[in-house]
2 protein chains.
Amino acid sequence: MLKLSKKVEYGLIAIRHIASVNNHISTVKEISEKYIIPVDVLAKVMQKLTKGKIITSYQGAMGGYTLARKAEEISVMDVISVIEGTQVGIAQCFSEVPENCSIYTNCTIKNPLGKIQHNLEHVFSSMKVSEIV
Amino acid sequence: MLKLSKKVEYGLIAIRHIASVNNHISTVKEISEKYIIPVDVLAKVMQKLTKGKIITSYQGAMGGYTLARKAEEISVMDVISVIEGTQVGIAQCFSEVPENCSIYTNCTIKNPLGKIQHNLEHVFSSMKVSEIV
DNA sequence: ATCAAATAGGACTACACAAGGCGTATATAG
DNA sequence: CTATATACGCCTTGTGTAGTCCTATTTGAT
């Protein structure tokens with residue numbers, strides 16, 4: 001409950017790593033070995049971060065990843081939404097299909113939850129990756 | 001990911017309900033029917049809230065629940081921790097057994113996550129149930 | 001041209017947890 | 001004594017997370 005996924009953690013660690021080596025190209029192998037992260041899992045995380053234009057990939061031998069923008073311009077919120085794909089909400093009201101909630105029409109706490117949701121988004125958006133390095 | 005459990009939602013709705021009827025005694029049946037919440041699930045939520053001294057229970061016929069303290073003195077954080085039982089953390093570092101994290105010793109983002117964790121707790125603690133009524 | 005190293009990405013399994021259902025015991029007002 | 005409540009444990013099901021495995025593609029170096 002209220003937990004960040006491992007994928008997000010791995011993503012943050014990887015981004016932090018690349019930033020810490022002055023944005024030199026880094027490979028999945030290198031990062032996964034250094035932080036003891038399952039290679040395949042990290043690989044897919046990196047692919048999502050690439051698609052989300054947070055990092056840039058270089059294929060083939062001598063390939064790897066660099067940051068697509070400065071660490072100060074990447075927020076934890078960016079990382080979360082790119083990796084999770086779907087809209088992240090603390091309740092179903094704030095996800096793709098709000099009506100799917102079993103108590104949708106009778107719910108009396110949509111507004112207060114919305115306020116909380118808004119505050120959480122603020123917390124995640126204001127925390128930049130540069131603060132992690 | 002980062003979702004509140006249904007139990008917490010049900011708990012908040014129930015508490016809001018009792019507050020909205022001026023703390024008159026309310027039964028599980030009444031609440032579950034009004035908001036279309038599964039009776040058994042709500043019943044267990046109420047039991048936890050009772051054990052956590054957020055509401056007071058009256059057994060037997062004509063029994064039910066009232067708030068144990070004023071709505072202004074119950075925070076969403078209180079409700080969450082009482083219902084979830086365990087310490088709620090966005091990552092394993094902030095739960096009961098931090099060392100269980102698969103990347104515990106190599107993790108480079110414990111501090112920043114701690115900062116986020118702290119901010120989240122603030123969001124949940126500052127939101128009182130009275131704001132929901 | 002070939003090989004090795006790297007990313008890209010789909011399919012599948014194992015497991016934990018959330019959500020709910022069911023059965024029974026206990027308390028109490030009338 | 002009975003009807004109406006809460007108290008509480010056990011079990012089932014569904015969903016989502018985490019991880020593994022396999023194959024395709026790209027590209028630098030020999």
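1. Helices and strands here are DSSP runs, numbered from the N terminus. Keep that in mind for the element names below, and remember that this is a predicted model.

2. Start with DNA strand C. Both protein chains take part in the surface near it: chain A brings α3 (39–51), β1 (55–58) and β2 (64–67), while chain B brings α1 (6–20) and α3 (39–51), each with at least two residues. There are 26 residues around this strand, and the ones that come nearest are Ser57(A), Gln59(A), Tyr65(A), Lys44(B) and Gln59(B). By class, you get ten nonpolar, ten polar and six charged residues.

3. What part of DNA strand C does the protein sit against? Of the strand's atoms within 4 Å of the protein, 68% are sugar or phosphate, and the rest belong to bases. The individual contacts show some of each. Tyr10(B) puts a polar side-chain atom 3.1 Å from a phosphate oxygen, and an N or O atom in the side chain of Gln59(B) is 2.9 Å from a sugar or linking oxygen. For a base contact, look at Ala61(B), where a backbone N or O atom lies 3.2 Å from a base oxygen.

4. Now DNA strand D. Its 25 surrounding residues include Lys6(A), Gln59(A), Ser57(B), Gln59(B) and Tyr65(B), which come nearest. Sugar or phosphate makes up 71% of the strand's atoms within 4 Å of the protein. Three phosphate contacts from chain B are worth a look: a polar side-chain atom of Tyr65(B) at 2.7 Å, one of Ser57(B) at 2.8 Å, and a backbone N or O atom of Val28(B) at 3.1 Å. The elements giving two or more residues to this surface are α1 (6–20) and α3 of chain A, plus α3, β1 (55–58) and β2 (64–67) of chain B. The residues split into ten nonpolar, nine polar and six charged.

5. Away from the DNA, check the cavities: the structure holds two of 30 Å³ or more. The largest has a volume of about 90 Å³. Leu2(A) is part of its lining, along with chain B residues including Met77(B), Ile80(B), Val88(B) and Phe124(B). The biggest share, four residues, comes from α5(B). In total the lining has seven nonpolar residues, two polar and one charged.

6. The second largest cavity holds about 80 Å³ of space. Here Leu2(B) joins a set of chain A residues, among them Met77(A), Ile80(A), Gln117(A) and Leu120(A). α5(A) gives the most, with four residues, and the lining divides into seven nonpolar, two polar and one charged.

Technical notes
Residues are numbered from 1 along each chain as its sequence is written. Chains are lettered from A and ligands numbered from 1 in the order in which they are written. This is a predicted model: local features need pLDDT of at least 70, side-chain atom pairs count only at pLDDT 80 or more; totals for chains, interfaces and linings use all residues. Side-chain values use heavy atoms; hydrogens and water are left out. A residue is near a molecule or strand if one of its heavy atoms lies within 4 Å of it. A polar contact is a pair of N or O atoms within 3.5 Å; within protein, one must be able to donate a hydrogen and the other to accept it, and residues adjacent in sequence count only if both atoms are side-chain atoms. Ala, Val, Leu, Ile, Met, Phe, Trp, Tyr, Cys and Pro count as nonpolar, Asp, Glu, Lys and Arg as charged, and the others, Gly among them, as polar. On a 1 Å grid over the protein atoms alone, a cavity is a set of points where a 1.4 Å probe fits but cannot get out, and a pocket is an open set with protein on both sides within 12 Å along at least five of seven lines; lining residues have an atom within 4 Å of a point. Grid points are joined across faces, edges and corners, and a volume is the space filled by probe spheres set on the points.
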